[in-house]
Amino acid sequence: MISIAGIADIKSSAEIEREQNRTIVREVRENGGTLLVEYDGIVSRLTSPVRIQRPNDPDQMIAAEAVWDTGSTGTVISQRRAEEFRLQPVDTGYGSAPGWQGEVLYYIIDLKLSERMAVHGLKVVALPLGPSHGDCLIGMDVIRRGDFLVSNRDGKTRLSFSIGGKSD
């Protein structure tokens with residue numbers, strides 16, 4: 001079973017739009033195997049660009065916006081993206097989120113977090129994600145593999161993530 005804490009949209013669409021306007025990624029770069037993301041101001045929604053790939057097939061790739069979600073036990077991709085990418089389910093299970101529970105489909109993907117950092121053979125679930133969740137939620141199944149740091153200094157939020165300086 002997968003538990004996803006951040007799925008329920010309890011904000012109005014105007015609040016979401018204001019928050020999305022604030023979560024502009026100013027810069028994404030790598031430094032010695034560490035993903036560094038700097039936002040334009042202090043944010044409450046941590047996002048970064050990712051690439052969803054078919055396992056071991058770099059030519060089959062979709063660019064997506066990911067939300068880093070420490071309340072999600074597993075990584076989630078949007079149902080829309082799974083269908084668009086014509087991913088084949090590898091398993092079924094039971095999932096829950098605030099206000100929702102039911103059967104889910106699992107897929108295997110390679111998740112590229114940056115040019116040199118990827119999680120290969122990652123089992124993800126597909127759910128109908130709302131507009132504030134992008135196309136992917138990066139859950140604790142990925143975050144626990146490395147060092148995750150968020151800082152708010154000089155009026156800017158910064159995120160850094162590293163997996164021992166190499167791909168997993």
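User: In which helix of the protein is confidence lowest, and in which is it highest?

Analyst: This is a predicted model, in which local features need pLDDT of at least 70 and side-chain atom pairs count only at pLDDT 80 or more, while totals for chains, interfaces and linings use all residues. Residues are numbered from 1 along each chain as its sequence is written, and side-chain values use heavy atoms, with hydrogens and water left out. Confidence, given as pLDDT (the predictor's value for each residue, from 0 to 100), is lowest in helix α1 (residues 13-22), at a mean of 44, and highest in helix α3 (residues 140-143), at 97. Helices (H or I, at least four residues) and strands (E, at least two) are DSSP runs, numbered from the N terminus.

User: Over which residues does pLDDT stay under 50?

Analyst: That holds for residues 5-23. Where pLDDT is low, the predicted coordinates should not be read in detail.

User: What makes β4 and β5 a pair of strands?

Analyst: Two strands pair if DSSP finds at least two bridges between them; strand β4 (residues 47-54) and strand β5 (residues 57-68) have eight, in the antiparallel sense, and therefore qualify. One of the partnerships links T47 to V67 in β5.

User: Which residues have the most contacts inside the largest nonpolar core?

Analyst: They are W68, I77, I109, L111, L113, I138 and F161, in a core of 31 residues. Such a core is a set of buried (under 20% relative accessible area, 1.4 Å probe, protein chains only) Ala, Val, Leu, Ile, Met, Phe, Trp, Tyr and Cys residues joined through side-chain atoms within 4.5 Å.

Terms used: Contact = heavy atoms within 4.5 Å. Buried < 20%, exposed > 50% of the residue type's maximum accessible area, 1.4 Å probe, protein only.
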